[in-house]
Amino acid sequence: SLDATHMMRTIVRLHSEGIRHFAMVHDSYGVHACDVDRLHQVLREEFVGIYSEPVLQNFLTELRKANPDLSFPDLPQPGNLDIRQVLSSPYFFA
């Protein structure tokens with residue numbers, strides 16, 4: 001569902017900027033050649049936007065609320081990945 005969220009946020013953002021032609025299948029993105037550079041930037045920015053939030057912690061919290069009779073293990077300690085590095089990654093998406 002997060003892949004779909006990423007795609008939706010990317011399309012909505014590009015559409016708001018005037019880009020109207022998309023070819024999307026699962027995690028493959030396509031636009032006209034003249035819009036590729038903008039697609040690449042927006043893909044990265046929206047990805048960072050999503051994963052800058054505590055996605056797994058939020059999910060665990062929802063699971064615990066929805067299933068108070070079940071026991072879920074705590075999450076492992078997060079590492080030191082700086083998700084903002086995605087913004088300058090030349091090979092983030094193909």
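Contact here means heavy atoms within 4.5 Å. With that in hand, V86 makes a handy way into this predicted model. V86 sits in the segment after α3 and touches R44, F47, V48 and F92, leaving aside residues up to four places away in sequence. Its relative accessibility is 13%, so V86 counts as buried. There is also a link in space to Q41: the two residues lie 45 apart along the chain, yet their C-alpha atoms are separated by 9.9 Å.

Next comes the pairing of two helices, α1 and α2. Helix α1 covers residues 2-16, and helix α2 covers residues 36-51. Their axes are 9 Å apart and they pack at an angle of about 130°. That angle makes α1 oblique to α2, since values over 145 degrees would be needed to count as roughly antiparallel and 65 to 115 as roughly perpendicular. As for handedness, the crossing of α1 and α2 is right-handed. On the α1 side, the residues that meet α2 are L2, T5, H6, R9, T10, R13 and L14. Their counterparts in α2 include L39, V42, L43, F47 and I50, along with R38, E45 and E46.

H6 deserves a look of its own. This residue belongs to helix α1, and with a relative accessible area of 4% it is buried, because anything under 20% falls in that class. Not counting residues up to four places away in sequence, H6 touches Y29, L43, E46, F47, I50, F92 and F93. With one of these, Y29, there is something extra: a polar contact of 3.2 Å joins the side chains of H6 and Y29. F47 and F92 turn up again around V86, as both are among the residues that V86 touches.

M7 is also part of helix α1 and is buried too, with a relative accessible area of 14%. Beyond its sequence neighbours up to four places away, M7 touches M24, V25, H26, D27, S28 and Y29. S28 is 21 residues from M7 along the chain, and the C-alpha atoms of the pair are separated by 9.1 Å.

One of the residues touched by M7, H26, has a backbone quirk. H26 lies in the loop between β1 (23-25) and β2 (28-30), and it shows a positive phi of about 50° although it is not a glycine. For context, most residues other than glycine have a negative phi. H26 is exposed, at 70% relative accessibility.

A little further along the chain, D35 is found in the loop between β2 and α2. D35 counts as buried, at 17% relative accessibility. Its distance to L70 is quite a stretch on paper: the two are 35 residues apart in sequence and 48 Å apart in space, C-alpha to C-alpha.

Charged pairs round off the picture. Side chains of opposite charge can pair when their charged atoms come close. The structure holds seven salt bridges. In one of them, D74 and R64 come together with their closest N and O atoms 3.0 Å apart. This pair links distant parts of the chain, with D74 in the segment after α3 (55-66) and R64 in helix α3, 10 residues apart. D74 is exposed, with a relative accessible area of 64%, whereas R64 is partly exposed at 30%.

Another salt bridge joins R13 and E17, whose side chains meet at 3.5 Å, N to O. R13 is partly exposed at 23% relative accessibility, and E17 is partly exposed at 38%. R84 and D82 form a further salt bridge, the closest N and O atoms being 3.0 Å apart. R84 is exposed, with a relative accessible area of 54%, while D82 is partly exposed at 28%. Apart from single pairs, there is a network: R9, R13, E17, R38, E45 and E46 are joined by salt bridges that share partners. Several names in that network are familiar from the helix packing, where R9 and R13 of α1 are among the residues that meet α2, and R38, E45 and E46 are among those on the α2 side. E46 is also one of the residues that H6 touches.

Key
Residues are numbered from 1 along each chain as its sequence is written. This is a predicted model: local features need pLDDT of at least 70, side-chain atom pairs count only at pLDDT 80 or more; totals for chains, interfaces and linings use all residues. Side-chain values use heavy atoms; hydrogens and water are left out. Buried means under 20% relative accessible area, exposed over 50%, partly exposed in between (1.4 Å probe, protein chains only). A polar contact is a pair of N or O atoms within 3.5 Å; within protein, one must be able to donate a hydrogen and the other to accept it, and residues adjacent in sequence count only if both atoms are side-chain atoms. A salt bridge is a side-chain nitrogen of Lys or Arg within 4 Å of a carboxyl oxygen of Asp or Glu. Axes are lines fitted to C-alpha atoms, for helices over the stretch in contact, and angles run from 0 to 180 degrees between N-to-C directions. Angles under 35 degrees count as roughly parallel, over 145 as roughly antiparallel, 65 to 115 as roughly perpendicular and the rest as oblique. A crossing is left-handed if the near helix is turned anticlockwise from the far one by less than a right angle, and right-handed if clockwise.
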